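Hi everyone, thanks for coming. Today I'd like to walk you through the inside of a protein that may be new to you, so please have a look at the screen.

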Amino acid sequence: MYNFTYCTPTKVHFGKGQIEKLHDEVVAVGKKVLLVYGGNSIKRSGLYDDVLARLSDCTIYEVAGVEPNPRIESVRDGVAKCKEHGIELVLAVGGGSVLDCAKAICAGACYEGDAWELVLDWRKVKGALPLITVLTLSATGSEYDFGAVISNLETNEKLAICHDALFPKVSILDPQYTFSVPKYQIAAGAADIMSHIFEQYICLETNLISDGICETILRTIIDCAPKLMENPEDYDARAQMMWASSLACNGICSLGNGERPWPCHAMEHELSAIYDITHGVGLAILTPHLMRYALNDDTVERFCHYGKAVFFMQDQEDRYAMANEAINKTEAFFSSIGIPNNLSALNIDDKHIDEMAEHALAFNPGFDKCPRPLYLEDIKQIYRNAL
């Protein structure tokens, strides 16, 4: 195992009725609050009114309508309100996009320049306002990590910003708030969670502890996602999906492992930057093609181990046949929960492949550290294979 330093400063209140902790957690920080949320779903569910009632002794300002791929314009709006009104903390109520937008607002509020400069160069982040989150969608893990992804439509860029200052101070995770999530978003969230694991698990140097955590989370999603397709109000399945989401992206799954360049996310960010597709769906489509590219003499045993540990496959003498079967089972699972298996189904063609590949490589110099190194022409071919 490699050396590591690990700290997760986020306090989690998990389970039914934990919204009761909201008021005390908020006022312990301050009473000037910026509330960040997406569409009208939290109003339809009654969560919006509940939050306002619980914070009736606070002064609330709002950033509403945060987009599924959160845009820098929403971040700038929030930053301006924070500076104008002397905001003391940001409260994000929603899914990963809302939380990501709120994180960038928190950082931008403590920066003199434009918030997009922080996305382009994380070293410019010097601090951030405190963030409290109430999660309504299990997918990105943003409620328990230090990263955010922001889109800039002017430049066709979707880029991550990561900094220790972006960990939420408190996250309230009540699985009941995810009951109304539609099936398509359940599937996309499941794929997002699994992709977070694959990015950390499909590497050349791992350890038994990290492998065990990763494999358990993968099996959990494979078990729970179909149950939620049948019964969206299955509390136990919702709860397990929610906690799996939180653990999958906060670093604990790969402690002590070797290089982890996260190529699938980098490539999908290019797709959703240009085509504004659902992130988890793009990840699910790309994943089997990246796995097949990565399959070689160095990785074949890794994929065989994955097949045994996650899909309970029996050992086969032909190791490549077994590895390919494990990859095919992955693709079949995504199809079984309603995700298309090609980009053409999303009206994506080869028009921007060169541009996407070049940008992905430019902003992710670690691609040569992938289990099988990824170079420009390889990235282009994987996009083509996914069409």
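**Cores and cavities**

Let's start with the nonpolar residues inside. The largest nonpolar core has 71 residues, and Tyr-306 and Tyr-383 are the ones with the most contacts inside it. If you're wondering which helix gives the most to this core, that's α7, with ten residues. Keep in mind as we go that this is a predicted model.

Now let's zoom in on one of those two tyrosines. Which residues does Tyr-306 touch, leaving out those up to four places away in sequence? They are Phe-198, Tyr-201, Leu-218, Met-291, Phe-311, Ala-326 and Thr-330. There is also a second, separate core, made of 29 residues, with Cys-82, Val-90, Leu-131 and Ile-150 among them.

On to the empty spaces. How many cavities of 30 Å³ or more are there? The count is three. The largest cavity holds about 250 Å³ of space. It is lined by 19 residues, and the closest to its centre are Phe-198, Glu-199, Ile-202, Pro-263 and Leu-290. You may recognise Phe-198, since we just met it as one of the residues touching Tyr-306.

And where does that lining come from? Three helices supply at least two residues each: α7, spanning 183-201, α10, spanning 263-275, and α11, spanning 279-294. The largest share comes from α11, with five residues. As for chemistry, the lining of the largest cavity has 14 nonpolar residues, one polar and four charged.

So, to recap, α7 is both the top contributor to the largest core and a supplier of lining residues for the largest cavity. Thanks for listening!

Key. Residues numbered from 1 in each chain as written. Predicted model: local features only at pLDDT ≥ 70, side-chain atom pairs only at ≥ 80, totals over all residues. Heavy atoms only, no water. 1 Å grid on protein atoms, 1.4 Å probe; cavity = no way out; pocket = protein on both sides within 12 Å on 5 of 7 lines; lining within 4 Å. Points joined across faces, edges and corners; volume = space filled by probe spheres on them. Helix = DSSP H or I, 4+ residues; strand = E, 2+ residues; numbered from the N terminus. Nonpolar A, V, L, I, M, F, W, Y, C, P; charged D, E, K, R; others polar. Core = buried A, V, L, I, M, F, W, Y, C linked by side-chain atoms within 4.5 Å. Buried < 20%, exposed > 50% of the residue type's maximum accessible area, 1.4 Å probe, protein only. Contact = heavy atoms within 4.5 Å.
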